[in-house]
Amino acid sequence: QILIVNSVSIEKSTIDIISYDDKISNLGNAFKKPVLRPKKNSNKGSKQKKKPRKDITDIPAPQKADQTTKSKVTPNSLEIDLRKIQLREMVFTYHYPLEDKFMQVDLAMLDGNILLNPKGISCNLTSDFEIIENKSVPVITGLGPTSMELDVDFIEPEQKIIINNGNLGIEGFFIDLKGSYAHNNGRDLDLEFNASENGSLVFSKLLNEEVLKQNEVLLQKADITLSGRISGQLAHSPPMIDLDFGVKDLDFKVPEGAGNFENIGFKGQFHSSEITDYSKATLSIENLKGQMPGGSVSGNFLLKNFLQPYVKCDLEASVLLDGFENIFQFTKIDSLQGRINVDAEFDGLINFEKEHEMDSLSRWSLSMADISFKYLPTKKTITKLNGVIGEDGNKIYLKTIGLNYENSDLTLEGEIYNLYHFIFKKEQEFEADLEIR
């Protein structure tokens, strides 16, 4: 039997859900199957015994439907087809005092349809909402207005939610979702996500409006990758994260003929592994390449074991900086000029336990040639920035670093002995041998 409900609309309401110490919520109690109490016998003087009345749930359903008689249906075989649901301006809260959990969601709208059947719930929903507070996952608080589309099933016997297709939108950034979550002893989660269709939004955050208009067709040809998987048993450990990201065939022209960016690309991956301290995690960027104004870039990067990092890196880059503030959204810099060259090789452990030493075979240098710019917040100008900063034998060296600041010349030269540990291990003393002129 199917009960069809054409429409349900609710506006300007508040729903509060509370979980008690036994982990049963007030909502669960509301929909709990009622306990039938035995009917009292009002005819006490009669000695005649009445036959006990069978509950409707005790009556077996017929094997075949007989069109000449009305079929008898158990309550568990009833389906409810809610063909249209509309919610507007509602507030949902969830509170579990025992574990100090609290969440509030302000729902602007929800439209969709819901089918309740003996196996669970199937629904298609579209909603706009905002997470006002979430004590368990604070990072999602304050994300702002969010949109969501879901084709989802809830299998009641397994306490399992299956997302057949889903889409989540946060301030114009959209993520496709697919996967499942089982509210069992292990709290099994397996969720795939794909945000690779957000290239235009990424470019709008990086490039100036004039560059976007000039390169609309070229930017559409670029291939952006941002996808991954979150999986694991949440009852026992944080989930594992697998992430693929990268760019392929990115080309765009820059204003005033300063040069072009051509064939920019790289492939990146992150794997957290099942170890919660990230000692088995890896981050890699492979085949970084491309032509840039006045130069090019090429290289690879590998990081293993975030607890005791092993790093392997090779990078070569050269770029002319003239007019970069007109290309990228450098809102605090104006009149940028000059050239930067980077040359780096790194292969070994970063040992934070040993004082100062990194236990690595590393060599890198950053050379600057005639760099100048105006820092807009202070309206101060730096010119004639030249020199080389690099590393050799676990020591950072500064070779003839010179600049002019507000008509005053400054030259810096020497060595820094504990720069890495000062930054990452927060050593109190900064050890260096510097000459300032």
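Biologist: What is the relative accessible area of Y278?
Modeller: Y278 has 34%, so the residue is partly exposed (20% to 50%; buried is under 20%, exposed over 50%, with a 1.4 Å probe and protein chains only).
Biologist: Where does Y278 sit?
Modeller: In the loop between β12 and β13. Strands are DSSP E runs of at least two residues, numbered from the N terminus. This is a predicted model, with local features needing pLDDT of at least 70, side-chain atom pairs 80 or more, and totals for chains, interfaces and linings using all residues. Numbering runs from 1 along each chain as its sequence is written, and side-chain values use heavy atoms, without hydrogens or water.
Biologist: And what is phi at Y278?
Modeller: Phi of Y278 is near 65°. That is a positive value, and Y278 is not a glycine.
Biologist: Next, E171. What about phi there?
Modeller: E171 has a positive phi of about 50°. E171 is not a glycine either.
Biologist: Which strands flank E171?
Modeller: E171 lies in the loop between β7 (160-170) and β8 (173-182).
Biologist: Buried or exposed, E171?
Modeller: E171 counts as exposed, at 61% relative accessibility.
Biologist: Switching to E325. Where is that one?
Modeller: E325 is in the loop between β15 and β16 (333-349).
Biologist: Is E325 buried or exposed?
Modeller: E325 is buried. E325 has no salt bridge (Lys or Arg side-chain nitrogen within 4 Å of an Asp or Glu carboxyl oxygen).
Biologist: Which side chain of opposite charge is nearest to E325?
Modeller: K374, and it is 11 Å away. Lys and Arg count as positive, Asp and Glu as negative; His and chain ends are not counted.
Biologist: What lies 3.2 Å from a polar atom of the E325 side chain?
Modeller: The backbone nitrogen of S335.

Note on methods
Helix = DSSP H or I, 4+ residues; strand = E, 2+ residues; numbered from the N terminus. Polar contact = N/O pair within 3.5 Å; in protein donor to acceptor, adjacent residues only side chain to side chain.
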